[in-house]
Amino acid sequence: MHSLAYFKLVTNIENEIRTYWGLATMREFGAKYLNTCEDLSVVEIGGATMPYTYIDIPKKDMILQSKIFVDNIKSNTLLNLVTSLEVYFNDIISRLVYLCPHLLSENTMQWTTKEFVPELEGNFRMWFAEEVTSKLIRNKQHKDIINFISKTIKWDFSIDDKITLWDKYTYVRNCIAHNSRRTSKDLCRVWPDKYSQVGIPLKINNSDIMYAMRLALNIAKKIEEPIMDKYIKDNDAKLLCREVYVREGIDDIGILKSIIHRNLSHKAKTETIQEALSFQRKTNQQ
């Protein structure tokens with residue numbers, strides 16, 4: 001049984017992996033095709049149209065540089081995988097606060113009246129959940145965010161080894177985003193057996209991408225197991241049911257059960273779906 005936050009994470013990660021695979025594959029096809037062409041420039045081979053006219057270089061240079069292009073996409077993919085888990089943290093905490101605001105009853109966060117007043121006319125509970133989440137995790141390291149979740153729900157995830165390794169990948173992400181894809185002092189400090197020299201180009205291979213993908217999913221699974229069991233329960237299944245009804249007009253119980261199971265691995269009961277549909281019909285105008 002999964003949350004909508006996890007479904008979104010899986011979708012985002014799948015998109016990133018498929019995008020990298022597609023570009024890497026097209027690079028191979030492109031190189032094979034260019035090798036059959038005469039020794040001309042890109043514009044001469046492709047024609048004087050976009051995108052060929054953006055940069056006109058000899059065919060042989062295009063083939064050589066295409067590896068650099070794929071390497072850049074490779075690092076972007078790793079960056080986006082790390083960011084995808086960060087988005088999951090935001091989504092799952094926001095959902096947790098929305099459903100169970102009492103979990104923050106001991107939080108000492110400071111607020112001002114002018115922050116509340118503009119939101120009182122709208123969905124205040126949703127605004128509060130999103131705003132609290134933003135304040136709680138903004139500029140926080142992923143290990144600190146996981147620790148916050150653990151303390152909030154009073155649950156030991158028992159994944160310290162995974163968190164330690166993931167923390168290293170976040171430093172790689174920082175180097176990609178903020179250090180022109182070169183190693184930094186911080187990265188060499190936390191991951192000396194892999195990156196020992198400061199200021200050199202990052203070397204990211206396919207195994208790094210696949211391992212980071214699996215690690216992100218494993219961490220998310222461990223985090224949401226107790227959250228689904230104790231707090232979200234069937235609330236996300238109801239929300240998905242309502243969303244499908246609003247967007248597609250589907251109210252067939254069997255079809256909705258299938259959609260929920262396919263996306264959330266959740267076997268929703270008939271009464272759960274009926275309750276969701278009934279609530280949506282009553283509040284649809286809102």
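**A loop arginine and the cores**

Let's start with R181, which touches N72, S75, N76, C175, I176, I200, P201 and L202, leaving out residues up to four places away in sequence. Keep in mind that this is a predicted model. You'll find R181 in the loop between α7 and α8. One of the residues just listed, N76, also pairs with R181 through a polar contact, side chain to side chain, at 2.9 Å. If you step along the chain to K203, you cover 22 residues in sequence, and the C-alpha atoms of R181 and K203 sit 8.9 Å apart in space.

So is R181 buried or exposed? Neither, quite: its relative accessibility is 28%, and because buried means under 20% and exposed over 50%, R181 counts as partly exposed.

Now for the nonpolar side of things. In soluble globular proteins, nonpolar side chains tend to be buried together. Here the largest nonpolar core has 58 residues, and the members that touch the most others are L85, Y88, I149, W166, V172, L187 and I223. Which helices supply at least two residues each to this core? They are α1 (4–34), α3 (59–99), α5 (124–137), α6 (142–153), α7 (160–178), α8 (185–190) and α9 (206–232). Of these, α9 gives the most, with 13 residues.

For a close-up, pick L85: setting aside residues up to four places away in sequence, L85 touches L9, W166, A216, I219 and A220. Apart from this largest core lies another one, made of 13 residues, including L240, Y245, L256 and I260.

Technical notes
Residues are numbered from 1 along each chain as its sequence is written. This is a predicted model: local features need pLDDT of at least 70, side-chain atom pairs count only at pLDDT 80 or more; totals for chains, interfaces and linings use all residues. Side-chain values use heavy atoms; hydrogens and water are left out. A nonpolar core is a set of buried Ala, Val, Leu, Ile, Met, Phe, Trp, Tyr and Cys residues joined through side-chain atoms within 4.5 Å. Buried means under 20% relative accessible area, exposed over 50%, partly exposed in between (1.4 Å probe, protein chains only). Helices (H or I, at least four residues) and strands (E, at least two) are DSSP runs, numbered from the N terminus. Contact means heavy atoms within 4.5 Å. A polar contact is a pair of N or O atoms within 3.5 Å; within protein, one must be able to donate a hydrogen and the other to accept it, and residues adjacent in sequence count only if both atoms are side-chain atoms.
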